Amino acid sequence: MRAASRVVRRGEKRLGFVPTMGSLHEGHLSLVRAARGANDFVAASIFVNPTQFGPKEDLAKYPRSFQRDCEMLEREGVEFVFAPSVEEMYPAGRVTWVTVEELSGKLDGRSRPGHFRGVTTVVAKLFHIVEPDKAFFGQKDAAQVAIIRRMVSDLNLEVEIVVCPIVREADGLAMSSRNAYLSPDERRRALVLNRSLMRAQELAEAGERDATHLVAAGREEFARESAVRLDYFEVVDPETLDPVSNVSRGALVAVAAYVGATRLIDNVLLGGTYILQKR
């Protein structure tokens, strides 16, 4: 991968990068297409990163479809697929971590201790190996986006972070590799995540500016779907991930919930395209 990246740079061409954990779906492919449209070459990684899974999480059963993923990437014109082994990425005796303090303990980081330390460590390693000009992430992982942006800024990494819109199923469910875990009944119940966000967005568009009222409306949707266990429903600043009391200047409404044993996340941005455009 490093040799391929050097060849691209010697030719003064631009390299776009899409990091993934495989089990690709249309959401991933939208990132690939965005990378293709903005760069001369595109690289994608496929690596199920063990350090971002907790001891009781779904690492062992996380869906893996390497051959299918490679075929999908080839059809999209991706030139390079980087698929390292765990031993390559985490050699024996390693002791170094990359941690973004404070931010890593908010939203998903509060519910999944150590998760974002694993994310930022592996993304930093991938950036050093691939050396892309631009890296493409989905807005669905909004907390991850904020944390990676801060890491890139704090470490003076020469990569531009590009964030692309959430891709949804026809009924509004955000695309996720974990959707494959859902039974038909759970799949129907999972729509409460999108409904709760749409309720908050509708109120904001109607003029509601008090974040506590938006949170209450979102929680009401979950109260009607008692089989789904809410993890959090918060209205936060999309850069700091701190709660906001008023959404007049824009905000991120973020939700996470357990549908059966499957944890799903989603979000919607109020008042502009801040998270999509800010570098």
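Biologist: What share of the contacts in the chain with a separation of 6 or more comes from residues 24 or more positions apart?

Modeller: Such residues account for 73% of those contacts, where contact means heavy atoms within 4.5 Å. This is a predicted model, in which local features need pLDDT of at least 70, side-chain atom pairs count only at pLDDT 80 or more, and totals for chains, interfaces and linings use all residues. Residues are numbered from 1 along each chain as its sequence is written, and side-chain values use heavy atoms, leaving out hydrogens and water.

Biologist: Why is Cys 164 called buried?

Modeller: Buried means under 20% relative accessible area, exposed over 50%, and partly exposed in between (1.4 Å probe, protein chains only). Cys 164 has 9% relative accessibility, so it counts as buried.

Biologist: And why does Cys 70 count as buried?

Modeller: Its relative accessible area is 18%, so Cys 70 is buried too. Buried residues make up 52% of the 279 residues in the chain.

Biologist: How many disulfides does a search of the whole structure find?

Modeller: Zero; a disulfide would be a pair of cysteine sulfur atoms within 2.5 Å.

Biologist: What makes the chain as compact as a globular protein of that length?

Modeller: Let's begin with its elements: the chain has eleven helices and eight strands, which are DSSP runs (helices H or I, at least four residues; strands E, at least two), numbered from the N terminus. Its radius of gyration is 19 Å, close to the 19 Å from the globule rule for 279 residues, so the chain is as compact as a globular protein of that length. That radius is taken over C-alpha atoms, and the rule is 2.2 Å times the number of residues to the power 0.38.
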